[in-house]
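Got your viewer open? Load the structure below, keep the selection tool handy, and we'll walk through it stop by stop.

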Amino acid sequence: MRIGVCYYPEHWPESMWEDDARRMKTLGIEQVRIAEFAWSRIEPTPGEYDWGWLDRAVDVLGAAGLAVVMCTPTATPPKWLIDRHPDILAVGADGRPRGFGSRRHYDFSSPAYFEASRRICAAVAERYGKHPAVAYWQTDNEFGCHHTVVSYSPAALVRFREWLKARYHTIQALNEAWGTVFWSMEYRSFDEIDAPVGTVTEAHPSHRLDYRRFASDEVARYNRMQVEIIRAHSPGRPVAHNFMQLFTEFDHYKVATDLDVAAWDSYPLGALEEQWFAPDIKARWLRSGHPDFASFNHDVYRGMSKLPFWVMEQQPGPVNWAQWNPAPLPGMVRLWSWEAFAHGAGCVSYFRWRQAPFAQEQMHAGLNTPDNRLDVGGKEASQVASDIRTVLAADAGANAAIRSKVALVYDYEAKWLFEIHPQGADFHYPRFAFEYYSALRALGLDVDVVPADASFDGYSLVVVPPLPVVPDDFAGRLARSGAQVVFGPRTGSKTRDLRIPANLPPGALTSVLPLRVWRVESLRPNVTEAVVLDQKSGAADGVARHWRDLIDSDASPALEVRARFADGHPAYVQSGAFHYFASLFDDALTVHLFARIAREAGLETQALGDSVRISRRGALTYVFNYGDQDHTLDNIPDDAFVIGSREVAPQGVAIYRS
Ligand code: GAL
């Protein structure tokens, strides 16, 4: 457990660097990330490198005892490079190249950019690969930020056709898989296939899904190129990438395979504002963020990180980029930091050391104000550093790995598929995955977020949010684990080629869930359907939203109907350890059902409500109070507390030996 910071020596006079480094160290900072946007200073004109300033910056940081995270600067190709190779610019769905003048204006498929990236990465890696102060690396910065995964450039089209050839081998196989006979869309060769854009009405869904799969693979290919170069010049130093919060536009599992550290950038207030949450929820958590939002991301990235995951950028105060940007409540920067450690983080690194008084992000707080005084976030970061010393002194095993009994399956293709084939405008996969996660957290359960091809051995409860395409051996792996398994609606509803399974949904899962979804319907946002549990009649126990799978439950006597919609259709069915929800239920009903199933799985649950959250790591239990009332921890002896006490104040953190 340690803290870090993001620093931009190129933004400040060199005369400030030593003092900055000294103050970082005094504050308790141990690692400093630099240079991710510094290409125009590293290579001011083609082929002429100016290493002097960066050498001195690295030396100053190293001399202060700080470990440097060196970045490749590829998120910001400089003007001269774009002017030389305009085809580096990605092309939008409107057919127009993106403009120079911000960042991420590159196309993952551009051969010119691939080459230029190779060259700059090799130059930086060669220069600093063995520098004693450089301990870690970061590739690029936030792949995909500002909608930059998919490009409709000629270069992307060339590579897409190759990708299709590798996947389908023959054009007949592609025609068959996609079903291009529909609307006379049959192709005679791969060279006839365009990007799925600009069509009169919706482009062919299989075509679109493959384009998304292709674009995702391009990100992985690009990152792998950088990682290989770094490893060749800097053996033994871990390589990270800073992913984004709840970002689903490429398959993060595939990119993370090539990394040592999956890091992510945590901006809980900006996220709350920008995500789907209803206005009352946004107002309720305005200055704290949603109690489960950062945690969900911690658990997503922990699962795919070989070394302990990091928060590479932690919100330190108001940000600049959401529609509205409130200031965090005092204490929240500390709370967010401890929540990351409680979920297994190895480092929490704040963005940024000092607020910039110029350019795009001048309204974004730093640990210091632009006049170089410690801001609230800076003071709280310093408190975190001192807390870490207390915790590690009290328990040398505090850095232990997390062991959860509950797994939540999280899948990137599911997001693309439901976006391409929504059948209901608000069928938003990340939201539904998050709502299941949130329900589990409200029960005090620690959760591992895992891919669909994970091993489920050792878990007592596996929750599968709507997963349209299930791997062939999914049912077998789940059954062998012995876990109770909950499936959300639409699970098993498509084949890999985006067809309805021959036996109807849930397709291959009928081996464990003998049912047949014979019809589906989507519900507009102001409509719900009552749900009644356990053969009762009368008052509803909750409501269903967004969607209904209409289930034929007569297929097998092994199938028990545990809840029905008001019109009699099954809402929740069970077969042995397998539970299927035919809709997305309201929060209270979801929590109630998960609690019941968790008990069947032999797990202990708590009723935490919506503002207190609990995590366990090693022998320590961490308690976070997001609410506005004190929370009292009963039955914990006073001498068990390492941080805080039985009274956990709003925005407070308590850590005790379990
Ligand atoms: C991140 C990005 C940083 C900075 C920050 C502002 O998305 O990686 O460079 O822009 O947001 O919150």
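For the first stop you need one rule: a residue is near a molecule or strand if one of its heavy atoms lies within 4 Å of it. You're looking at a predicted model, where local features need pLDDT of at least 70 and side-chain atom pairs count only at pLDDT 80 or more, while totals for chains, interfaces and linings use all residues. Residues are numbered from 1 along each chain as its sequence is written, and side-chain values use heavy atoms, with hydrogens and water left out.

**Stop one: the ligand**

Select the ligand and then its surroundings: F37, R103, N141, E142, D265, Y267, E313, W321, F351, E361 and H364. Colour that shell by type and you get four nonpolar, two polar and five charged residues. (Ala, Val, Leu, Ile, Met, Phe, Trp, Tyr, Cys and Pro count as nonpolar, Asp, Glu, Lys and Arg as charged, and the others, Gly among them, as polar.)

Now look for polar contacts, meaning pairs of N or O atoms within 3.5 Å. The side chain of R103 puts an N or O atom 2.8 Å from a ligand oxygen. For N141, a polar side-chain atom is 2.9 Å from an oxygen of the ligand, and for E142 that distance is 2.4 Å. On its own the ligand exposes 310 Å², and the protein buries 95% of that (Shrake-Rupley areas, 1.4 Å probe).

**Stop two: the barrel**

Next, show strands and helices, which are DSSP runs numbered from the N terminus (strands E, at least two residues; helices H or I, at least four). Strands pair if DSSP finds at least two bridges between them. Follow β1-β2-β3-β4-β5-β6-β7-β8 round: a closed barrel of eight strands with parallel pairing. From one strand to the next, the twist averages 30°; angles run from 0 to 180 degrees between N-to-C directions, using axes fitted to C-alpha atoms.

Zoom in on β6 (residues 261-266) and β7 (residues 310-314), parallel neighbours joined by four bridges. D265 sits opposite E313 in β7, and both belong to the ligand's shell.

Then pick α12 (residues 293-304), which lies across β5, β6 and β7 at about 165° to β6; contact here means heavy atoms within 4.5 Å.

**Stop three: the open sheet**

Finally, select β21-β22-β26-β24, an open sheet of four strands with antiparallel pairing. β21 (612-617) and β24 (641-643) are at the edges with a single partner strand each, so one side of each has no neighbour in the sheet.

Which helix links your last two stops? Try α14 (residues 376-394): α14 lies across β1 and β8, and also across β22, β24 and β26.

Notes. A polar contact is a pair of N or O atoms within 3.5 Å; within protein, one must be able to donate a hydrogen and the other to accept it, and residues adjacent in sequence count only if both atoms are side-chain atoms.
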